[in-house]
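Student: Could you take me through one part of this model up close? I'd like to start from a pair of strands and follow the side-chain contacts outward from there.

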Amino acid sequence: MPLNPITYLLFLIDVARKKQFEKPLHGDKESLRFATPEPIARYRAQRLRAKTLADISCGIGGQTVFFAQQCGFVYAVEIDPKKIEYAKQNCAMYGLSNVKFICGDALDPKIIEQIPAVDVIFSDPFRPAEESKRQVSSLEPGIPNVLAAYGEKTRNFAFEAPPQMPPERIPFDCEKEYISLDGQLNRLTLYFGGLKQHDRMAVALPAGEGLVSKYGMLPQIKETDKMKLCAYEPEPSVVAAELLPELVESMMQVAGPFMGVFELFRVDKKRLLLTSDALIKQAMIKNHYLVLKVCPFEPKEINKFLKDRNIGNVVLRAGVKPEDYWKVRNEVEKGLEGNKTVHLFVKGRTAILCEVIFNE
């Protein structure tokens with residue numbers, strides 16, 4: 001069941017080595033689009049490894065395949081007969097024979113009675129493709145309903161939920177694990193019962209790193225409008241899990257008491273950076289930057305600066321109106337022929353030019 005910290009970290013590093021499915025999955029276009037990415041499916045299967053597991057709302061079996069590789073036996077339930085046929089094909093393609101497929105409504109008593117007592121139940125409920133505000137109540141089947149229906153089968157539940165939901169919008173006693181993949185927020189898993197190890201956790205894949213919530217006194221993060229020598233872009237899973245204080249504490253431990261001052265620099269509503277005169281490397285930082293220049297946001301002037309410093313490409317990290325995006329980008333990149341890349345952040349009318357470091 002719960003892994004010890006050393007085993008847990010070693011596995012995270014191991015799953016990070018694979019980014020794509022070893023074999024193309026069977027499924028319709030929409031199902032393939034929403035299938036769990038392989039690094040996450042492998043990671044989650046290892047964390048939920050058990051003798052017996054029930055995969056509720058298994059879809060085309062993208063996650064089921066890896067559950068079956070890690071567990072003794074898996075019960076896979078899906079209401080859509082087309083999807084469950086795809087799931088059967090995908091498990092067969094991987095040579096797996098330890099899965100019982102059950103087609104029907106997961107909350108139907110006739111379906112429930114086909115599942116014996118199991119060690120773990122995982123549910124990936126349906127949710128609307130888009131919502132103005134992600135809510136637990138939009139999940140179908142609902143979490144309270146699954147907990148009630150299968151409460152006699154196990155006390156260990158895991159649910160997938162929309163990662164855009166902040167922790168305070170999740171009204172359950174569970175661990176909230178946010179996962180970013182390749183620098184983008186990708187998944188949120190809720191762990192109940194004996195599966196709960198922390199209140200909140202952030203995981204970064206494929207790097208294979210994690211950060212957990214702490215209790216007690218943590219450093220207060222001071223906000224600033226002044227950019228220092230270095231800038232740090234946190235993994236989005238850290239921000240979503242509201243673990244910036246824990247991240248700053250770990251960075252202060254590396255930098256030391258004299259240089260370890262990290263302040264919060266809000267670029268806009270969607271983007272934030274940590275800034276400091278200390279140069280360190282931290283595993284839960286998406287990008288480490290050396291700040292090249294802070295200046296007025298004048299694309300033509302910025303272009304001149306970039307030409308003088310052998311810059312060839314610009315990643316525009318600004319809330320520019322869609323109709324103005326290419327105009328601004330073309331002005332900034334006009335005539336650049338260098339071999340370096342900079343990230344351009346814009347706060348109001350101020351431009352911050354940053355060069356990525358530790359980019360191995």
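Tutor: Sure, and keep in mind that this is a predicted model. Start with strands β11 (residues 263-266) and β12 (residues 272-276), which pair in the antiparallel sense over four bridges. The two form a hairpin, with five residues between them. Look at R266 on the β11 side: its bridge partner in β12 is L272.

R266 is also a good place to leave the hairpin, since its side chain meets that of E223 in a salt bridge, at 3.2 Å from N to O. That contact links distant parts of the chain: R266 sits in strand β11, while E223 is in the loop between β9 (209-212) and β10 (230-234), 43 residues away. How open is this pair? R266 has 39% relative accessibility, so it counts as partly exposed. E223, with a relative accessible area of 47%, is partly exposed too.

Now set that beside another salt bridge, the one between the side chains of E160 and R44, at 2.7 Å from N to O. Here E160 belongs to strand β5 and R44 to helix α3 (residues 38-47), so the pair ties together parts that lie 116 residues apart in sequence. Burial is the thing to notice: E160 is at 2% relative accessibility and therefore counts as buried, and R44 is buried with a relative accessible area of 0%. There's a third member to pick out as well, because a salt bridge network links R44, E160 and R187.

For a local case, go to helix α11 (residues 322-333), where E333 and R329 lie four residues apart, about one turn of the helix. Their side chains meet in a salt bridge of 3.2 Å, N to O. E333 comes in at 19% relative accessibility, so it counts as buried, whereas R329 is partly exposed at 24%. The cut-off for buried is under 20%, which falls between those two values. Over the whole model, the count comes to 19 salt bridges.

One last stop is the largest pocket, with about 1200 Å³ of space. Its lining takes in 44 residues, and those nearest its centre are F34, D124, P125, F126 and R127. Strand β5, the one that carries E160, is among the elements giving two or more residues to that lining, along with α2 (29-34), β2 (73-78) and β7 (184-191). By class, the lining has 20 nonpolar, ten polar and 14 charged residues.

Terms used: Residues numbered from 1 in each chain as written. Predicted model: local features only at pLDDT ≥ 70, side-chain atom pairs only at ≥ 80, totals over all residues. Heavy atoms only, no water. Pairing = 2+ DSSP bridges. 1 Å grid on protein atoms, 1.4 Å probe; cavity = no way out; pocket = protein on both sides within 12 Å on 5 of 7 lines; lining within 4 Å. Points joined across faces, edges and corners; volume = space filled by probe spheres on them. Nonpolar A, V, L, I, M, F, W, Y, C, P; charged D, E, K, R; others polar. Salt bridge = Lys/Arg side-chain N within 4 Å of Asp/Glu carboxyl O. Buried < 20%, exposed > 50% of the residue type's maximum accessible area, 1.4 Å probe, protein only.
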